[in-house]
Amino acid sequence: MSAYDVDLFVIGGGSGGVRAARIAAGYGAKVMLAEEYRVGGTCVIRGCVPKKLMVYAGRFADEFADAAGFGWTVEKPRFDWSVLKGRRDAEVTRLEGIYDANLIRAGVEIAPERTVIEDPHTVRLLKTGRTIRAERILVAVGAHPVKEPAVPGIELAITSNEVFELESLPERILVIGGGYIAVEFAGVFAALGSATTLLHRGDKLLRGFDDEVRDALAEAYGHRMDLRLGRTLTAVERRNGALCARLDDGSEIRADQVLVATGRRPNVDGLGLDRVGIALDPAGAIPVDAYSQ
């Protein structure tokens with residue numbers, strides 16, 4: 001009789017955890033997976049998939065305008081945020097169901113609750129209080145967006161998680177960040193009709209990309225929105241029913257929503273890594289071996 005309840009216990013139901021659980025189960029391992037939110041992870045639930053659906057929606061604005069040049073008569077387009085939100089959320093739920101079904105079909109037991117590590121072979125499920133003995137424990141918890149810089153009033157802002165919960169399209173939105181998440185969301189909101197400001201502390205967007213691409217993007221975005229480069233947020237406050245963002249040059253930007261997309265941090269707080277002797281690296285992540293082929 002085995003000393004363990006399962007061969008593999010996976011903490012985290014995102015792309016990495018789901019794939020590892022399915023493959024291991026396919027080879028005959030007894031596998032259990034715990035996910036406290038929704039199976040599918042950032043990409044499926046609140047990242048790539050829902051965001052790309054919003055990107056596709058934004059593209060139609062230009063296509064309607066271009067159609068007139070090819071002989072089409074198009075009535076004045078009208079965008080309905082609630083319809084997009086409903087269809088987008090339904091697609092995310094459909095995909096989540098597929099992920100659940102594939103895990104169950106592979107023989108993986110799913111625990112919909114938060115889990116902490118007790119020792120090198122034991123985890124505890126917080127909602128039910130169950131303890132599970134596992135020969136191996138896989139940590140695949142991903143990361144979460146952070147609100148940085150930590151200036152006064154930053155708690156009034158939202159992140160790329162909460163943006164999918166907005167019940168209406170903001171008339172004015174300030175997006176803070178210069179990476180692809182900030183750039184995509186700024187482009188989406190501008191295309192859908194929001195008066196959009198994109199604020200980035202650097203002199204160019206998309207660090208690490210080809211300079212010609214970065215320059216072309218800045219030129220294009222400069223025509224679509226208020227692009228503020230080389231500026232830093234110093235404070236956010238609520239004033240007269242709106243949010244007022246103050247910048248380091250003394251200027252102010254008024255908006256209905258402030259979206260912070262400046263980075264992400266690993267989901268390791270309270271996981272119990274100290275109980276198994278894991279020291280985090282300077283970025284707060286679990287150190288792993290370098291990949292090699």
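These legends walk through close-up views of a predicted model.

**View 1. A four-stranded parallel sheet.**
Read across this open sheet and the strands come in the order β10-β9-β8-β14, with parallel pairing. On the outside sit β10 (226-229) and β14 (257-260), edge strands that each pair on one side only. From one neighbour to the next, the strands turn by 15° on average, direction ignored.

**View 2. Zooming in on β8 and β14.**
Strand β8 covers residues 172-176, and four bridges pair it with β14 in the parallel sense. To find your way along this pair, look for V175: its bridge partner in β14 is L259.

**View 3. Helix α5 lying across the parallel sheet's strands β8, β9 and β14.**
Here you see α5, residues 180-192, laid across β8, β9 (195-200) and β14. Follow the helix and then β9, and you'll find the two running at about 165° to each other.

**View 4. Helices α1 and α4 side by side.**
This pair brings together α1 (residues 15-26) and α4 (residues 81-106), whose axes are 9 Å apart and make an angle of about 25°. Since angles under 35 degrees count as roughly parallel, α1 is roughly parallel to α4. The crossing of α1 past α4 is left-handed. On the α1 side, the contact is made by V18, A21, R22 and A25; α4 brings Y99, N102, L103 and A106. Sort those contact residues by class and you get six nonpolar, one polar and one charged.

**View 5. Helices α3 and α4 packed together.**
Now α4 turns up with another partner, α3 (residues 48-67), at an angle of about 145° and with the axes 10 Å apart. This time the crossing, α3 past α4, is right-handed. From α3, the contact takes in V49, P50, L53, M54 and A57. From α4 come W81, L84, R88, E91, V92 and L95. By class, the α3 contact with α4 has nine nonpolar residues, two charged ones and no polar ones.

**View 6. The rings of W81 and F189.**
W81, which also belongs to the contact of α4 with α3, has a ring partner in F189. The ring centres are 6.0 Å apart and the planes sit at 20°, so this pair counts as stacked. What does the pair link? It links distant parts of the chain, with W81 in helix α4 and F189 in helix α5, 108 residues apart. If you go hunting for others, a search of the whole structure finds four aromatic pairs.

**View 7. The β4-β5 hairpin.**
Strands β4 (residues 115-119) and β5 (residues 122-125) run antiparallel and are joined by four bridges. The hairpin gets from β4 to β5 through two residues. For a landmark, try I117, which stands opposite V123 in β5.

**View 8. A three-stranded antiparallel sheet.**
This open sheet has the strand order β11-β12-β13, and its pairing is antiparallel. At the edges are β11 (233-239) and β13 (252-255), each pairing on one side only. The average twist from one strand to the next is 20°. Strand β12 (residues 242-247) pairs with β13 over four bridges in the antiparallel sense. Along that pair, look for C244, opposite R254 in β13.

Technical notes:
Residues numbered from 1 in each chain as written. Predicted model: local features only at pLDDT ≥ 70, side-chain atom pairs only at ≥ 80, totals over all residues. Heavy atoms only, no water. Pairing = 2+ DSSP bridges. Axes fitted to C-alpha atoms, helices over the stretch in contact; angles between N-to-C directions. Contact = heavy atoms within 4.5 Å. Parallel < 35°, antiparallel > 145°, perpendicular 65-115°, else oblique. Left-handed = near helix turned anticlockwise from the far one by under 90°. Nonpolar A, V, L, I, M, F, W, Y, C, P; charged D, E, K, R; others polar. Phe/Tyr/Trp six-rings, centres within 6.5 Å; stacked < 30°, edge-to-face > 60°.
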